[in-house]
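Welcome! Open the structure in your viewer, keep the selection tool at hand, and follow the stops below.

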Amino acid sequence: MASLMLAVIMQVLDTTIANVALPDMRADLGASRDTINWVLTSYIVAAAIVTPMSGWLANQFGRREIFMVSVVGFVIFSMLCGVAWSLNTMVAFRLVQGVFGAAIVPLAQNFMLDINPRERHGQAMAMFGAGIMLGPIIGPTLGGYLTETLNWRWVFYINVPLGMIAIVGASMFLPEMPKRKIKFDFFGFAALALGIGALQLMLDRGSDLDWFSSLEIWIELALSICGFWVFVIWILGTEKPFLDPRMFLDRNLSMGLIFIFIVGIVLLASLALLPPMLSGIFGYPTLTTGLVMSPRGVGAMIMMLVIGRLVKYVDLRLLVVLGLSLTAYSLYMMSTFSPLMGPKWIILSGVVQGFGLGSVFVPITTLAFATLDQKYRGDGTALFSLVRNIGSSIGISIVTALLTHMIAVNHSELASGINPQNLQGLSSGSSSLAKYGQTAVYQVLDNLTTQQAAMIAYLDDFRFMMWITIAAIPLVVFLRKPDYSTPAQGKQEAAPVME
């Protein structure tokens with residue numbers, strides 16, 4: 001379990017740890033403001049495309065073997081990213097790093113479900129969820145600290161000791177799993193890869209290209225729709241599809257995918273909004289921003305450990321309702337932020353959000369696989385990770401686009417209330433600004449108006465995510481309560497795994 005958790009934290013950490021180091025990378029690698037974002041995009045797109053393939057690879061070559069290869073490859077290309085000498089080499093190394101890292105999270109989750117009996121799945125998923133939540137939350141803080149005290153290359157070198165410990169532990173303790181030779185559906189995979197890759201590119205590039213005013217975004221949207229459409233038609237009609245559509249008949253898995261999609265939206269979207277707000281409007285330095293955000297991860301870990309003990313005694317659906325309610329309340333607290341307040345309210349709202357997300361993740365992950373046939377578990381865990389990542393990408397894109405739009409709208413509305421009569425006092429000799437002239441007065445007012453417009457836009461985004469979370473609560477009625485007194489489906493298939 002410790003080896004699996006180290007590997008999970010290492011992989012998830014890389015989704016956010018490099019963000020704060022981009023300005024330093026840009027200077028060293030000679031990249032522009034736009035092209036440096038490919039350091040992030042290449043990793044995300046590669047991981048998204050390969051993730052659905054992890055189930056087939058594990059069945060074909062062995063889950064233990066693929067997990068080991070993934071961790072070794074991830075560590076090697078982390079080191080290469082650290083020594084990259086140009087933007088082209090960095091993007092190439094990040095691309096391959098994403099390919100190797102794609103299978104780590106779903107295979108680790110699959111191992112945890114198999115090496116623990118069903119009645120302890122809640123506790124196992126609590127540990128797994130702690131790593132999933134902790135990585136993105138501490139990533140910006142750790143990345144900022146390493147960049148400031150050492151240099152940006154250490155955001156990649158940090159993976160080496162974690163990965164080596166995980167490799168040694170996995171080689172010593174991970175059990176061998178039975179293999180199932182299945183013919184690979186190249187056409188189905190190609191269609192799904194096209195849909196996922198084009199969608200990720202559209203979401204990552206949209207804000208830079210002003211969305212649908214760009215021909216590239218329209219092309220990527222068309223390719224994504226075509227890819228997903230062909231994939232759905234193909235798996236419903238072919239004899240041995242890449243993903244068996246019958247697993248979606250399990251209601252808990254289908255609903256679990258919807259809930260984890262919402263968790264992905266709320267978790268990373270709020271994490272994407274807070275750093276620029278705290279630094280740009282509140283004036284916090286990078287390290288302070290990381291420190292006031294870190295209690296969110298502490299709250300999530302505490303609640304996950306508590307929930308892991310409660311899952312055997314409490315209806316998991318009630319815990320989901322509790323978690324969504326706490327998350328919605330934390331977003332309401334965040335929608336009342338003001339630049340004049342101290343860090344106490346930011347920390348408190350973060351702890352409440354950590355409690356909420358921690359309360360949701362464990363029961364949802366447990367419920368999603370509680371009634372799923374053993375033979376679908378590999379593909380199910382891969383889909384679970386994929387949907388969470390897509391939810392995160394979509395959430396970040398939506399809140400970023402909404403933020404940009406609302407800043408413009410709010411600025412226009414606030415500026416409409418300023419007229420020559422309002423400015424007489426500021427332009428008079430009694431004003432401290434008068435000596436700088438009328439141009440300075442207008443500049444100061446424009447800066448203040450922009451700041452207020454941005455603050456209102458951030459609050460609107462938090463309120464928008466609050467309503468998304470509230471809207472998800474009624475969907476809990478569609479989840480089925482697992483019965484641990486009866487044997488799991490596919491138990492005969494799972495017996496060699498338990499041995």
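**Stop one: an aspartate and its surroundings**

Select Asp250 and look where its side chain points: it reaches the backbone nitrogen of Leu372 at 3.4 Å. That fits the limit for a polar contact, a pair of N or O atoms within 3.5 Å, where within protein one must be able to donate a hydrogen and the other to accept it, and residues adjacent in sequence count only if both atoms are side-chain atoms.

Before moving on, please note that this is a predicted model, where local features need pLDDT of at least 70 and side-chain atom pairs count only at pLDDT 80 or more, while totals for chains, interfaces and linings use all residues. Residues are numbered from 1 along each chain as its sequence is written, and side-chain values use heavy atoms, with hydrogens and water left out.

Asp250 sits in the loop between H12 and helix H13 (251-280); helices here are DSSP runs of H or I with at least four residues, strands are runs of E with at least two, and both are numbered from the N terminus. Which side chain of opposite charge is nearest to Asp250? Show Arg480, 4.2 Å away; Asp250 is buried yet has no salt bridge. Buried means under 20% relative accessible area, exposed over 50%, and partly exposed in between (1.4 Å probe, protein chains only). A salt bridge needs a side-chain nitrogen of Lys or Arg within 4 Å of a carboxyl oxygen of Asp or Glu. Lys and Arg count as positive and Asp and Glu as negative, with His and the chain ends not counted.

**Stop two: a covered helix**

Now select helix H4, residues 54-61. Seven of its eight residues are buried, among them Trp56, Leu57 and Asn59. After H4 comes Gly62, with a positive phi near 105°.

**Stop three: the start of H7**

Go to Ile104 in helix H7 (residues 104-115). Is Ile104 buried or exposed? Ile104 counts as buried because its relative accessible area is 0%. Setting aside neighbours within four places in sequence, its contacts (heavy atoms within 4.5 Å) include Ala7, Met10, Phe67 and Phe74. Val71 is another partner to select: Ile104 and Val71 are 33 residues apart in sequence, yet 6.9 Å apart from C-alpha to C-alpha.

**Stop four: out to H12**

Finish with Leu215 in helix H12, which is exposed because its relative accessibility is 63%.

**Zoom out**

Show the whole protein: it has 21 helices and zero strands, and buried residues make up 54% of its 499 residues.
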